[in-house]
Every structure is written in structure tokens, then in C-alpha cells.
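Let's take a walk through this one, starting with a helix and working outward from there. Keep the 3D view open as you read.

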Amino acid sequence: MSKIDLHMHSAFSLDADLPVEILIDRCLANQVSTLAVTDHNSVHSVNVARQYTQNKDVTVLSGIEIDCSFQGGNYHLLGYGFKGDMADFYNLEKHITKLQADVVPVKLQKLKDLGFHLDEDHLYHLAKGNTPQEEQMAELILEDERNFSHPLLSVYRGDGARADMPLINFYWDFFGAGKPCHTPVAYPALTDIVSLIKSNHGIPVIAHIGANVKTDHLKVLDEMKAVGVMGVEVFSSYHNAELANKLYDYALGSDLFVTCGSDFHGKNKPKIEVGTCNYDLAAEQYIKRFVESALA
């Protein structure tokens with residue numbers, strides 16, 4: 001059976017590792033027939049994906065995932081189906097890249113304050129001239145023999161409780177909101193990003209709300225809908241069946257689009273594969289309606 005996956009990352013996302021072409025081949029091998037590459041704050045994959053799939057039996061939507069802020073919290077807003085020269089998105093990428101680069105020294109100092117050793121020269125070499133990512137910091141910390149006996153790291157090794165996906169788990173445990181290395185970034189307002197996506201003839205959809213808030217999901221969605229968000233990523237690797245069902249009923253009752261996405265990254269999230277969106281046939285029809293609207 002063909003599959004739909006509208007949230008995945010290529011190497012144009014600094015925390016992912018597969019070139020666009022290899023990512024699309026992986027989708028085809030996993031029977032994904034409709035996809036969107038939604039790189040972090042970047043649209044560089046869009047034209048690559050279009051050219052590579054010209055003679056392939058697959059439907060590709062333009063996509064992006066943008067960091068933004070709303071009511072004191074950070075969220076990810078997906079944009080689909082945008083058209084034109086994409087200059088607004090290129091300018092946005094430059095702005096957000098600078099915001100993220102500026103806080104790297106603060107993050108490194110917080111890691112040092114916890115007693116972690118990290119070779120900064122190696123980190124910047126690993127980043128290949130880009131902004132170092134938290135998962136790269138985690139990788140070097142876990143590999144550094146000076147940290148082998150650090151008590152905070154045992155859960156990421158061997159059969160430890162967080163060893164199934166050590167790099168992304170390290171990110172959530174140390175850099176997530178309220179965690180010891182969390183470093184606020186003044187991301188653009190969600191309202192501004194909604195306007196940017198719409199002004200480029202795209203559809204704004206809130207990503208994996210269950211990863212950003214633990215309670216009052218529907219209240220937050222009500223407030224986001226009021227400022228122009230048009231859809232909800234209902235089926236996500238971050239959502240259990242109970243939450244997905246709640247979001248699905250909410251979206252249908254609120255006249256919002258229903259979407260799905262694995263949030264595939266590659267080695268940073270090794271348990272997540274493309275095409276792993278658990279929706280049924282009824283939900284598939286609503287997802288297909290969204291796809292049709294995004295392609296229109």
C-alpha cells in the first residue's frame with residue numbers, strides 16, 4: 001500500500017544526514033508515494049527534489065519547518081505548497097542561522113558547567129562550517145574518554161534507559177525547555193511566520209504539538225488557529241494513539257487540515273523511518289484533501 005509522509009529532513013537540515021536524492025530513494029523503497037522534505041528553516045531541498053523526481057512515480061510537495069515563538073514558547077511551523085522565487089525563505093534562513101550561531105558559546109559553557117569535556121575545535125570541524133548542533137555536541141561528549149565515567153551519561157550507553165536514540169534524547173534531556181542547558185533564542189513570532197507562508201501561497205501547519213506542550217493541546221491550537229494556522233500534524237512519531245485521535249477529532253471539528261509526518265532525520269533518530277505515519281483509511285482521505293490543496 002502506498003504511504004504519505006509530509007515531514008522529513010535531508011542534509012539541508014543541520015541535524016540530518018541524507019542528501020535529498022538518497023532520502024527520496026529511501027522513500028520509494030518504503031512505498032512512500034507522496035512526500036514533502038521539510039528542512040529546518042531551509043528551502044534548499046525544494047528544487048533538488050523537484051528535479052530528481054521528474055520521471056519518478058511520486059508526488060512531492062514543497063515544504064519547510066520553521067522555528068518560531070508563540071506565547072512564550074518555541075514551536076515548529078510547517079509550510080507547504082509555497083510558490084515563487086522563495087526569496088523570503090532564504091532571508092529567513094540567514095536570520096535564524098545567525099540567531100542560532102550566536103548562542104552556541106552559551107550552550108557550550110553550560111555543558112562545561114555540568115562537567116562535560118568537549119573538544120570545541122573538533123565540534124566546529126564536525127559542523128563543516130555550519131552552526132554546531134546539539135546532537136553533534138552530544139556525539140562528541142559521549143565519544144570523549146574523559147566523560148566515560150560521568151554519572152549523567154550512563155543512561156545513554158549500552159542498555160541505558162535513554163540509549164535507544166542517545167543523541168536526540170541527550171538533546172531533549174539537556175536542551176529542552178526547563179532543562180539545564182536550555183538557551184532561549186528570540187525566534188520570529190509565529191504570527192509573522194504564518195503571514196510569510198501565506199504570502200508565498202503556502203499553507204501553515206503546526207508540527208508535532210505533543211512534543212512542545214504536554215497539556216492543553218486544544219487550547220493552544222485554538223489560539224494558533226485564531227492567528228491563521230490552517231492545519232495540524234495529527235499523525236506524528238511524537239504522538240501516541242490517544243493524542244492523535246484527540247487532535248484528529250479537533251482538526252475535523254475546527255475545519256483545519258489534517259497532515260502526517262514521521263520527522264525522519266537519519267542517525268540522530270535511528271528508530272524513526274520514513275513512511276511510519278499510523279493513520280487509517282478514513283484519515284487518509286483527509287490527508288489527501290490537504291495534499292490536493294497544497295498542490296493547487
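## A helix with two sides

In α12, the buried residues are A283, E284, I287, F290, V291 and A294. Because these residues cover an arc of only 115° around the axis, they end up on the same side of α12. Flip to the other side of the helix and you'll find L281 and E292, which are exposed. This is a predicted model, by the way, so read everything here with that in mind.

As for its dimensions, α12 has 15 residues and reaches 21 Å from its first C-alpha to its last, close to the 21 Å expected at 1.5 Å a residue. Have a look at the start of the helix too: there, a side-chain oxygen of D280 comes to within 3.2 Å of the backbone nitrogen of A282.

So what is the order of the strands in the open sheet? Three strands make up this sheet, arranged β1-β2-β3, with parallel pairing. In general, strands of a sheet pair through backbone hydrogen bonds, either parallel or antiparallel. Here β1 (3-5) and β3 (59-61) sit at the edges with a single partner strand each, so one side of each is left without a neighbour in the sheet. From one strand to the next, the twist averages 15°.

Zoom in on the pairing of β1 with β2 (residues 32-36): these two run parallel and are joined by three bridges. One spot to pick out is K3, which stands opposite V32 in β2. Now bring the helix back into view, since α12 (residues 281-295) packs on this sheet. The helix touches β1, β2 and β3, and its direction makes about 65° with that of β3.

Next, follow the chain out of β2. In the loop between β2 and α2 (44-52) you'll come across T38. Is T38 buried or exposed? Its relative accessibility is 0%, so T38 counts as buried. Setting aside neighbours within four places in sequence, T38 is in contact with L6, H7, M8, H9, G63, I64, E65, L78 and Y80.

One more loop is worth a stop, the one between β8 (257-261) and α12, where G266 lies. G266 has 12% relative accessibility and therefore counts as buried, the cut-off being under 20%. Which residue can we pair it with from far along the chain? Try A11: G266 and A11 are 255 residues apart along the chain, while their C-alpha atoms are separated by 9.3 Å.

Methods: Residues numbered from 1 in each chain as written. Predicted model: local features only at pLDDT ≥ 70, side-chain atom pairs only at ≥ 80, totals over all residues. Heavy atoms only, no water. Pairing = 2+ DSSP bridges. Helix = DSSP H or I, 4+ residues; strand = E, 2+ residues; numbered from the N terminus. Axes fitted to C-alpha atoms, helices over the stretch in contact; angles between N-to-C directions. Contact = heavy atoms within 4.5 Å. Buried < 20%, exposed > 50% of the residue type's maximum accessible area, 1.4 Å probe, protein only. Expected span 1.5 Å × (residues − 1). Arc of directions from axis to C-beta. Polar contact = N/O pair within 3.5 Å; in protein donor to acceptor, adjacent residues only side chain to side chain.
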